[in-house]
Amino acid sequence: MTKLSVNINKLATLRNSRGGNMPNLIKSATDIESFGAQGITIHPRPDERHIHYQDAHDLKNVVTTEFNIEGNPIPKFIDMVLAIKPTQVTLVPDAEDAITSNAGWDTIKHKDFLIEVIKTFKENGIRTSIFVDPDADMVEGAFKVGTDRIELYTESFAKEFSEGKKTESIQSFIAAAEKANKLGLGINAGHDLNLDNIKFFKEHIPNLLEVSIGHALICESIYLGLENVINMYLHRLK
């Protein structure tokens, strides 16, 4: 079964919009785990517009499943991850003003930088993953820098799937996954996956270990309820 890690950034955005502590991020994370999710993901950004760096430290003490911290490995982010030592760190090449993640790493251009960063995390016992586009060359580049896993950036899949282009939507992801499997890289995926497209994606990507879903899951939960939506994802990921 593919694991479901729930990204709680959107809950932090809602909290920050009014100040105070509603919704309570800590209680939300523990509730999400109790509903069956196998991981919690956060993506703190330098301006802390949703997840605060203190949230990351607070969550360390309560998350009992896999704890995945995503972000651009600037010095502040690296220091935080090394202090917390989550289960996994996912490296994302976000610009500081990006609304959301919008591209994978060029693992060839940034090879030396990624080698150094990944070595630091792995020496501290933290599993590493690199956010990449569905491109076999970028997957091979990820292998060469020493990462444990890749996270396939699935926005293009979700867009084409929503337009009814199911066959076209998945082809590059199948090729990237086959390359990763051949190289022995673990495969994660995330971005715009939702209840409509998740089963199709999972069925076509061999050895998909984990998906990270936030925005869609929280939006769906407004209509259907958080516990119900988490169990709907788990059913589709079997």
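In which strand does Glu210 lie? Glu210 lies in strand β8, which covers residues 208–213. The model discussed here is predicted, and this residue is a convenient place to enter it.

Strand β8 is one of eight strands that close into a barrel. Their order is β1-β2-β3-β4-β5-β6-β7-β8, and the pairing is parallel. On average, and with direction ignored, neighbouring strands of this sheet are turned by 25° against each other. Helix α4, residues 75–84, packs on the sheet and touches both β3 (66–71) and β4 (88–91). The direction of α4 makes about 170° with that of β3.

Glu210 itself is buried: its relative accessible area is 4%, and the cut-off for a buried residue is under 20%. The side chain of Glu210 makes a polar contact, at 3.2 Å, with the side chain of Gln88. Neighbours within four places in sequence aside, Glu210 is also in contact with Thr2, Lys3 and Ser5, with Glu66 and Asn68, and with Arg127 and Arg149. Ile187, Asn188 and Ala189 are likewise among the residues that Glu210 contacts.

Val211 comes next. When residues up to four places away in sequence are not counted, Val211 touches Thr2, Lys3, Leu4, Ser5, Ala189, Leu193, Ile198 and Leu237. Val211 is also one of the residues with the most contacts inside the largest nonpolar core, together with Leu4, Ile8, Phe201, Ile205 and Tyr233. That core has 70 residues. Its largest share, six residues, comes from helix α8, residues 166–183.

Elsewhere in the barrel, strand β5 (residues 127–132) is joined to strand β6 (residues 149–153) by four bridges, and these two strands run parallel. Within this pairing, Phe131 stands opposite Glu151 in β6.

The aromatic side chains can be taken up from the same place. The structure holds eight aromatic pairs. In one of them, Phe131 and Tyr153 are tilted, with 5.0 Å from centre to centre and 45° between the planes. Phe131 lies in strand β5 and Tyr153 in strand β6, so the pair ties together parts that are 22 residues apart in sequence. Both Phe131 and Tyr153 are buried. A further pair, Phe157 with Phe173, is edge-to-face, at 6.1 Å centre to centre and with 75° between the planes. Phe157 belongs to helix α7 (residues 155–162) and Phe173 to helix α8, so this pair ties together parts that are 16 residues apart in sequence. Phe157 is buried, at a relative accessible area of 0%, and Phe173 also counts as buried, at 0% relative accessibility. Phe157 and Phe173 are part of one aromatic cluster that also takes in Phe161, Phe200 and Phe201. Phe201 has already appeared among the residues with the most contacts inside the largest nonpolar core.

Following β8 in this account is helix α10, residues 215–224. Which residues of α10 are buried? They are Ala216, Leu217, Ile218, Glu220 and Ser221. What covers them includes β1 (3–7), α1, β8 and α11 (226–236). Gly225, which follows α10, has a positive phi near 95°.

Some backbone details remain, and they concern loops. The peptide bond from Met22 to Pro23 is cis, with omega near 0°. Pro23 is placed in the loop between α1 (9–18) and α2 (25–34). Lys85 has a phi near 55°, a positive value in a residue other than glycine. Lys85 lies in the loop between α4 and β4, the helix and one of the strands that are in contact where α4 packs on the sheet. At 45% relative accessibility, Lys85 counts as partly exposed. Asn207 is another residue other than glycine with a positive phi, here near 65°. The loop that holds Asn207 runs between α9 (198–204) and β8. Asn207 counts as exposed, at 55% relative accessibility, because the cut-off for exposed is over 50%. Asn207 thus sits in a loop that borders β8, the strand in which Glu210 lies.

Note on methods: Residues numbered from 1 in each chain as written. Predicted model: local features only at pLDDT ≥ 70, side-chain atom pairs only at ≥ 80, totals over all residues. Heavy atoms only, no water. Core = buried A, V, L, I, M, F, W, Y, C linked by side-chain atoms within 4.5 Å. Buried < 20%, exposed > 50% of the residue type's maximum accessible area, 1.4 Å probe, protein only. Contact = heavy atoms within 4.5 Å. Pairing = 2+ DSSP bridges. Axes fitted to C-alpha atoms, helices over the stretch in contact; angles between N-to-C directions. Polar contact = N/O pair within 3.5 Å; in protein donor to acceptor, adjacent residues only side chain to side chain. Phe/Tyr/Trp six-rings, centres within 6.5 Å; stacked < 30°, edge-to-face > 60°.
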